[in-house]
Amino acid sequence: MLITSKDNSRIKEIRKLLNKKYSIEKGLFVIEGENLVEEAIKSNLLVELYVLDGTSCKYNFKYDNITLDVMKSISDLKSTPRLIGVSKYINKNNLGNKIVLLDGVQDPGNAGTIIRNCVAFGVDTIVFSKDSVSPYNEKVLRSTGGMIYNINIIIDEIENIVKKIKEKNIKLIGTSLSLSKELEQIEKSEEYAIIFGNEGNGVSKKILDLCDDIVRIDMENKCESLNVGVSSGIILYYMYKR
């Protein structure tokens, strides 16, 4: 089937899914480009596939062709993709034993970097607070390089997840530049939950007060801080290699 109208009901639905609130409500998100489509198919999470008219499709998945104008109307990319899909959320509702929580992380690049770091260093689940950027934001998805399909993702209030972590007797580690231990002082553990905070304000005080330990990364005085994407890589690598 060739879809030629931007007012097609299915095309309108895709545009609505670009809204964070609506995407969460439906449990669906939009993916653009071959890399993400391929990962969604491998994970059995692809729901719909649309292919730019005149483009061949190598995937054994039912799809519809759409015109260039229609593709542009549903794409956030500067360079129009040849493939666009709708995917289910990656949510198994199982925390696992190695957990990362994001408390108000706003920058899509940082969020994508953290997702990649989590996959690289063996984290089971990453939790996005409801005031964080959506993990299914197009810029976040691009910066993950497809890694988003290799980790469990939960969107919830941090306090709700902290309660579950406490029930599992997993050590909760906050991150802060002050009133904290050096990273090397943290005891080795096969189970942990680490909280990373907002780019400007860090982890909120009410969340830090719930933590069992708070750590910092020591650095030269000439550098006041590292961005949260870099910090997460250092801390998660340290936990992974211990």
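This briefing describes the sheets, the helix packing and the pockets of one protein structure. The model is predicted, and the values below were computed from it. One open sheet has 7 strands with parallel pairing, and another open sheet has 5 strands with mixed pairing. The largest pocket holds about 590 Å³ of space, while the second largest pocket has a volume of about 190 Å³.

**The sheet of 7 strands**

- Following the sheet from one side to the other, the strands come in the order β8-β7-β6-β11-β9-β12-β10, and their pairing is parallel.
- The edges of this sheet are formed by β8 (152-155) and β10 (181-182), each of which pairs on one side only.
- At one of these edges, β10 is joined to β12 by 2 bridges in the parallel sense, and Lys 181 has Val 215 of β12 as its bridge partner.
- Helix α5 lies across β6 (98-103) and β7 (125-128), and the direction of α5 makes about 160° with that of β7.
- Helix α7 (residues 158-167) also packs on the sheet, where α7 touches β6, β7, β8, β9 (172-175) and β11 and runs at about 155° to β6.

**The sheet of 5 strands**

- Here the order is β1-β4-β3-β5-β2, in an open sheet whose pairing is mixed.
- The edge strands are β1 (2-3) and β2, and because each has a single partner strand, one side of each is left without a neighbour in the sheet.
- Strand β1 runs parallel to β4 (residues 64-66), to which 2 bridges join β1, and within this part of the sheet Ile 3 stands opposite Ile 66 of β4.
- Helix α1 (residues 9-17) packs on this sheet and touches β1, β2, β3 (46-52), β4 and β5 (83-88), with a direction that makes about 95° with that of β2.

**Packing of helix α5 with helix α9**

- Two packed helices are described by the angle between their axes and by the distance between those axes.
- For α5 (residues 108-120) and α9 (residues 228-241), the angle is about 10° and the axes are 9 Å apart, and the two helices are therefore roughly parallel to each other.
- On the side of α5, the contact is made by Asn 110, Thr 113, Ile 114, Asn 117, Cys 118 and Ala 120, and these meet Val 228, Gly 229, Ser 232, Gly 233, Leu 236 and Tyr 240 of α9.
- Sorted by class, the residues of this contact are 6 nonpolar and 6 polar, with no charged residues.

**The largest pocket**

- The lining of the largest pocket consists of 28 residues, and those nearest its centre are Thr 175, Ser 176, Leu 177, Gly 202 and Val 203.
- Strands β11 (192-197) and β12 (213-216), together with helices α8 (205-208) and α9, each supply at least two residues of this lining.
- By class, the lining of the largest pocket is made up of 12 nonpolar, 12 polar and 4 charged residues.

**The second largest pocket**

- The second largest pocket, with its volume of about 190 Å³, is lined by 13 residues, of which Leu 17, Leu 18, Tyr 136, Asn 137 and Glu 138 are the closest to its centre.
- Helix α2 (20-26) and strand β2 (28-32) each give at least two residues to the lining of the second largest pocket, and β2 gives the most, with 3 residues.
- The lining of the second largest pocket divides into 5 nonpolar, 4 polar and 4 charged residues.

Conventions
Residues numbered from 1 in each chain as written. Predicted model: local features only at pLDDT ≥ 70, side-chain atom pairs only at ≥ 80, totals over all residues. Heavy atoms only, no water. Axes fitted to C-alpha atoms, helices over the stretch in contact; angles between N-to-C directions. Helix = DSSP H or I, 4+ residues; strand = E, 2+ residues; numbered from the N terminus. Parallel < 35°, antiparallel > 145°, perpendicular 65-115°, else oblique. Contact = heavy atoms within 4.5 Å. Nonpolar A, V, L, I, M, F, W, Y, C, P; charged D, E, K, R; others polar. 1 Å grid on protein atoms, 1.4 Å probe; cavity = no way out; pocket = protein on both sides within 12 Å on 5 of 7 lines; lining within 4 Å. Points joined across faces, edges and corners; volume = space filled by probe spheres on them. Pairing = 2+ DSSP bridges.
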